[in-house]
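The following exercises concern one protein model. Please study the sequence and the structure, attempt each task, and then read the worked solution.

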Amino acid sequence: MSQHSFRRQRLQALVEVIHAVLVSVEDESDPVPGSSQLQADWGEVVAGVQNRLRYGAEWPDASGVGPTEPTVEASPPPPPPPPPPPPPPPPPPPPPPEWCAAPAVVAETWQKDDAGASASYFALPTGGVVFGGSEPSTSDEVRFSVVGLDSACMPDSLSWLTLPTPLLFTNPTPPPTLFISQWWDAGAVKGGGTTWKVTLTVTADYPTYPGGDCECVNPVTGQLGGPVPSAPFQLDIGKRSDDIVLIGWIDAAQVPLSTTGVDADLLDVYPPSGPSPFKADECLANLGFLSWGITAFGTGGASWDLGDNPDHPNRTYWLNWQFKYTGNPDPLTVLEQSGGTADFRDPSDSYFDYARYQTYVDDKTNYKLVNRFQAKWYGGQTPGEPEALFNLRAEAMIGTTENPCGIAGAFPGQSGPKNETLYDLVTAGGWSKQGHINDGSPDVYGVRGFATLSSMGFDPEVYGRIYWENIGSKISWTPGIGAYAPGGSLQVYPTYYLFYNGSQGAVYPQAAEPKANFKPAPYPFGLDPCTNPVQPGGRCGDAESPASPGSGSPAFSVEN
């Protein structure tokens, strides 16, 4: 045991003894004189001992002097504990839901003004116009997408109000239920009567559960989530006509050639089997004489005349011989030889092959006339309502005539006064109509020779005179009626083949006799005489100048 602990035990015992004595004195019934003072003194001693026990001071040494302050041998107090961490801040209140994003429909179109062009889309604004035709090759294609959705809060699905099936050539793939930057290809549109007005909308269906990542307020209902429609997208569908081509050509096989009653010398120079290489010069020379109004012929010992009436066999034979041996090859045969098919379609039979068409028309000996017309329009749904018209193609071409005598070379045809006429008028029923005229004739010298055969060398009072009339065709469209097939008219001569969008269609055979195209006051010559050479009519073969007063008006030349 340490000395310090021993001392403490002794002091503790002494305190207990003193305390016992004081108690006994206090309990005496007859106190000892001076006992009160004793108690006070000992009480003071006890307090001092207790102080030293408490503070660890030494008992007073022999001198009776102790330390004035207790000396405490103790380790320093431990540091105070750290303060508790502050409580975490309360979580912020959830942000109020935003408005659900409304989708917007956007569109693009592939325009088919050029049916053979590769796909090339451009933006189509709402209210924009696309044009439909009778087949996909003449009909614009459309595709749609959706913009305006918030990528951070996407709807569950999109619901489309799709285009009505009658407006499309094929049933398109169903539109995506949910997509960003994707296109729904609706395909080619069909033209309506005049204009279809179509409204296309899409609805975004947002989640309705509260507290989710996509919580939003529906701007339509004011509630959380639900269907949000887009603004209407209006699509106007106008109409694109068929691409019509009319080819006028002389079908030699349909020209009659009777030798009955024909002078042998005429047959020798103009054989029924065709031009003779041994008679080429005589053939050409006599045709020259004919164009100068001569009615009696003879070269190299041969001679013939035209008789005294318009129906003399020599006149009929010679006229028909010229038509037969200035005829054209069958267009279908030419096309088959050049491309394997008897039309202007591409190898896949999908669209009008403009390259094949151009190759054909570049050789003007293939035809006498070519009329081509295509248009597109919108508006005019009721009679009298204005229409917007766009003429896409309007071509009126005049072919050439090969030398019938077997000599190389060709004679250019003449363009009539109405050739390449484009017109736009309002019909009696209030509908607008657009038309295109092809008007032409053989060369001047050929027409003058026709006039000699049909009008000179006989008594006009007995037989009457007739003259060659221009040939041609008219293609017309009446947009409000809505028909794809064109209207129009043809001269009775020559044969016509109709092609629509490159496909071969109707055939209009030529009249049985070329003379069916001769008239008393023909268009555009009228009865204007010719002074050099001297001829009673025929205007010296001029088929190009404006129509003479009093001339006829064949249906193809009339703007109606």
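A cavity is a set of grid points where a 1.4 Å probe fits but cannot get out, and its lining residues have an atom within 4 Å of a point. The model used in these exercises is predicted.

**Exercise 1. The chain as a whole**

Task: State how many helices and strands the protein chain has, and what percentage of its residues is buried.

Solution.
Step 1. The protein chain contains nine helices and 29 strands.
Step 2. The chain has 560 residues, and buried residues make up 44% of them. A residue is called buried if its relative accessible area is under 20%.
Step 3. The exposed surface of the chain comes to about 27500 Å², of which carbon and sulfur atoms supply 57%.
Step 4. Consider the contacts between residues at least 6 apart in sequence: 68% of these join residues at least 24 apart.

**Exercise 2. The second largest cavity**

Task: Identify the residues that line the second largest cavity, and determine which helix gives the most to this lining.

Solution.
Step 1. The number of cavities of 30 Å³ or more is two. The second largest cavity has a volume of about 30 Å³.
Step 2. Its lining consists of Pro-310, Arg-315, Thr-316, Leu-319, Leu-453, Ser-454 and Lys-515.
Step 3. At least two lining residues come from each of α5 and α8 (444–455). Helix α5 gives the most, with three residues.
Step 4. Sorted by class, this lining has three nonpolar, two polar and two charged residues.

**Exercise 3. The largest cavity**

Task: Give the volume of the largest cavity and sort its lining by class.

Solution.
Step 1. The volume of the largest cavity is about 50 Å³.
Step 2. The residues lining the largest cavity are Lys-112, Asp-113, Ala-115, Ser-137, Thr-138, Asp-243, Phe-352, Tyr-354, Gln-374, Arg-393 and Asn-501.
Step 3. By class, this lining has three nonpolar, four polar and four charged residues.

**Exercise 4. The largest pocket**

Task: Determine which residues lie nearest the centre of the largest pocket, and which element gives the most to its lining.

Solution.
Step 1. A pocket, in contrast to a cavity, is an open set of points. The largest pocket has a volume of about 480 Å³.
Step 2. Its lining has 29 residues, and Gln-322, Phe-411, Asp-443, Tyr-445 and Gly-446 lie nearest the centre.
Step 3. The elements α4 (280–291), α5, β17 (400–402) and α8 each supply at least two residues of this lining. Helix α4 gives the most, with five residues.
Step 4. The classes in this lining are 16 nonpolar, 11 polar and two charged residues.

**Exercise 5. The nonpolar cores**

Task: Describe the largest nonpolar core and name the residues in it that touch the most other members.

Solution.
Step 1. As a general principle, nonpolar side chains in soluble globular proteins tend to be buried together.
Step 2. The largest nonpolar core has 40 residues, and those touching the most other members are Tyr-270, Trp-304, Trp-318, Phe-323 and Trp-468.
Step 3. Helix α5 (residues 313–324) gives the most to this core, with five residues.
Step 4. Another core, of 31 residues, lies apart from the largest one; Val-130, Val-142, Val-198 and Val-202 are among its members.
Step 5. Tyr-270 may be examined singly. Beyond its neighbours within four places in sequence, Tyr-270 is in contact with Glu-282, Cys-283, Asn-286, Leu-287, Trp-304, Tyr-317, Trp-318 and Trp-321.

**Exercise 6. Classifying single residues**

Task: Decide whether Pro-546, Ile-294 and Pro-125 are buried, partly exposed or exposed.

Solution.
Step 1. The cut-offs are as follows: under 20% relative accessible area is buried, over 50% is exposed, and values in between are partly exposed.
Step 2. Pro-546 lies in the segment after β29 (534–535). Its relative accessible area is 64%, so Pro-546 is exposed. Apart from residues up to four places away in sequence, Pro-546 touches Pro-417, Pro-524 and Arg-539.
Step 3. Ile-294 is located in the loop between α4 and β13 (296–299). Because its relative accessible area is 34%, Ile-294 is partly exposed. Setting aside neighbours within four places in sequence, Ile-294 is in contact with Phe-289 and Thr-452.
Step 4. Pro-125 belongs to the loop between β3 (121–124) and β4 (129–132). Its relative accessibility is 54%, and therefore Pro-125 counts as exposed.

Notes: Residues numbered from 1 in each chain as written. Predicted model: local features only at pLDDT ≥ 70, side-chain atom pairs only at ≥ 80, totals over all residues. Heavy atoms only, no water. Core = buried A, V, L, I, M, F, W, Y, C linked by side-chain atoms within 4.5 Å. Buried < 20%, exposed > 50% of the residue type's maximum accessible area, 1.4 Å probe, protein only. Helix = DSSP H or I, 4+ residues; strand = E, 2+ residues; numbered from the N terminus. Contact = heavy atoms within 4.5 Å. 1 Å grid on protein atoms, 1.4 Å probe; cavity = no way out; pocket = protein on both sides within 12 Å on 5 of 7 lines; lining within 4 Å. Points joined across faces, edges and corners; volume = space filled by probe spheres on them. Nonpolar A, V, L, I, M, F, W, Y, C, P; charged D, E, K, R; others polar. Areas by Shrake-Rupley, 256 points an atom, 1.4 Å probe, with all protein chains shown as cover.
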